[in-house]
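Work through the exercises below with the model open beside you. Try each task before reading its solution.

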Amino acid sequence: MKETIIYSFKGLYRDDFRVKGYEFGSGGKSVCILGSMRGNEYQQIYSCSLLVKKLKKLEVEGKIKDGHTLMVIPCCNPYSVNIKKRFWSIDNTDINRMFPGYDKGETTQRIAAGIFENIKDYKYGIQFASFYMPGHFVPQIRMMKTGNEKVELAKKFGLPFVVLHNPRPFDTATLNYNWQIWETDAFSIYTSSTEKIDKISARQGVNAILTFLAKEGIIEYQGFAGFSSKVVESDKFISIRANAAGILDPMVKAGDNVMQGQVLAYIIDPYTAEIIQTITATTDAVVAFEYDSPMAYKNTALFKLIPGGW
Amino acid sequence: MSELIENIEDVVRFPLPVDEEFVIKRHRIEPSGENIGKRICIVTGIHGDELEGQYVCYEIARRIRRDSLSLKGIVDIYPAMNPFGIDSITRGIPAFDLDMNRIFPGNFDGDMNEFTASMIVKELEGADLVIDIHASNIFLTEIPQIRINEKSEKELVPIAKKANMDLIWVHGASTVLESTLAYSLNSRGTNTLVVEMGVGMRITPDYGEQLADGIISIMSELGIWEGEVPKTKEAIVAYDADGDDVCYLNAPCSGIYMKEKEHGAIVRSGESVGKIIDPLSGDVLADIKAPENGMIFTVREYPVVEEGSLMGRILREKVLNGES
Ligand SMILES: [Zn+2]
């Protein structure tokens, strides 16, 4: 294992800003795995740390095959993590809206450029990602449909779902999109949480990556075989929204199987505890996403359902 | 005698979780007499910490009331498209960490923000002109200017020239900007101008009056105003689709930026425009010099910089000479 500094600059009153990478194996640039880009992505850092530990062991045991360099970057943004701010410390910009970056531009454009320059030549790119809303996911690989996406590869992670979505305007400035444009096979991996550490789900994510690496002949690894992934287009998700605003009392969790008509949650009047809306499943489905905040705004997507069961 | 008809109405209204309603309001002013049926919309407050447009909204209403017989069409004023942001000194939408100007055209069936964005587009679509007033951000001061996506150049530059601004900056298209209000409206055939002027969190009354003069001039051009029209200035037009008209001053290191030139200053190549200092060591970390002849049209207002922070933008001399 080799530690490298991917990008850094001098702070005025803070320690230097540093993005650190951990390199394993030798030879061609094979796989790059990235953790948090935002200040609240604790689970993403933690998942990477488990992966670093595993790869370190596999390297010592000689189980990384010749001709493969692997890079793990647990955190692209320690400055925001350490002050518990989601986006960039001074100007609130999002590094994951700055790719491919610009080395003569503003700070977060430079960080994106500095990172991208180092990671754009890998054959595979895997990012532990987070959703913009607070909530829990059923573990999944997400891919953007750029024309370069390879669904069969994504299934090799053995996670329950592979989700495909069409890029929206802002997606064109994300790492995943630019990786694909630069012909890296890019995957976003969603474990169940972001701001809270879920150890089981983190281990499942790490196992999925190791399984993928083994199937691609990069490492020797015998983990759980995982699932035979179901491929879903994101527009086939059924969003179950609140019509009312109030306190959310959920009855089901991400990963649950639900029956048509089953109560998913109640919206409760915050002052009188009266039920103001009963939210039910519109079809038999798997709960793919569960919103996690006690306050429900009107029209918030509280659940995303994938029709069918498992 | 013709009187004005004035109404303050909701654009959207819906309940929030705890005993409050979310509401965006519109002030409509129209003549009770002859009305040519044309409509101009004055929009501001999409970024909650940009307040320059607040004074313009007030000033336009004041000028119309002062000379009420001159109004011949509809003037709709929307001072707060992001009321949560204005209330909490937040650029984006608090509680959602979203830039409101990245969610248009919205989605009627989406969450409250997407729904709101879709209602705003529905509300403004079909107007004869929309003016969306921004104020740079809290970091930079801008001379009064209109920014136009090259895709809408043909429709918008002639109108923008009547707006009494110092600069019209026609910039290159970018996919990311497709989710702005202006892009959504222009692509639906509703002409929309984006004004950037002054600085975040402050109001510059001179700029407000300059723009109000420009709006009255545009209203006259549209036939909505038959009263006196203030004399307007001719803007410098930068046709900068290739990014060749402007040079950027980015901080070479972190420190405290002491500007030495104000926005609007003409500078020569090699001339000092500011310094980056280190108050801890007492050292000058960098002397910032103009890389070329031109005009500083953006200047850093917030002194703390880190490597890469924008300290200013210079409009190249050739543009000032009309060779854009
Ligand atoms: Zn703005």
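**Exercise 1.** Find which residues of α1(B) meet which residues of α6(B).

Solution. Take contact as heavy atoms within 4.5 Å. From α1(B), the list is B:Tyr55, B:Val56, B:Glu59, B:Ile60, B:Arg63 and B:Ile64. They meet residues of α6(B) including B:Pro205, B:Gly208, B:Leu211, B:Ile215 and B:Met219.

This is a predicted model, where local features need pLDDT of at least 70 and side-chain atom pairs count only at pLDDT 80 or more. Residues are numbered from 1 along each chain, chains are lettered from A, and side-chain values use heavy atoms, without hydrogens and water.

**Exercise 2.** Describe how α1(B) and α6(B) cross.

Solution. Step one: the axes, lines fitted to C-alpha atoms over the stretch in contact with angles running from 0 to 180 degrees between N-to-C directions, come within 9 Å and cross at roughly 50 degrees. Step two: that makes α1(B) oblique to α6(B). Oblique is what remains after under 35 degrees (roughly parallel), over 145 (roughly antiparallel) and 65 to 115 (roughly perpendicular). Step three: the crossing is right-handed, with the near helix turned clockwise from the far one by less than a right angle.

**Exercise 3.** Identify the donors of the zinc ion and place B:Glu50 and B:His134 in the chain.

Solution. Count N, O and S atoms within 2.8 Å of the metal (3.2 Å for Na, K and Ca) as donors; water is not among the atoms, so sites may look incomplete. B:His47 (ND1), B:Glu50 (OE, twice) and B:His134 (ND1) coordinate the zinc ion at 2.0 to 2.4 Å. Their spacing is H-x2-E-x83-H. B:Glu50 lies in the loop between β3 and α1 of chain B and B:His134 in strand β5, so the pair ties together parts 84 residues apart in sequence. Helices (H or I, at least four residues) and strands (E, at least two) are DSSP runs, numbered from the N terminus.
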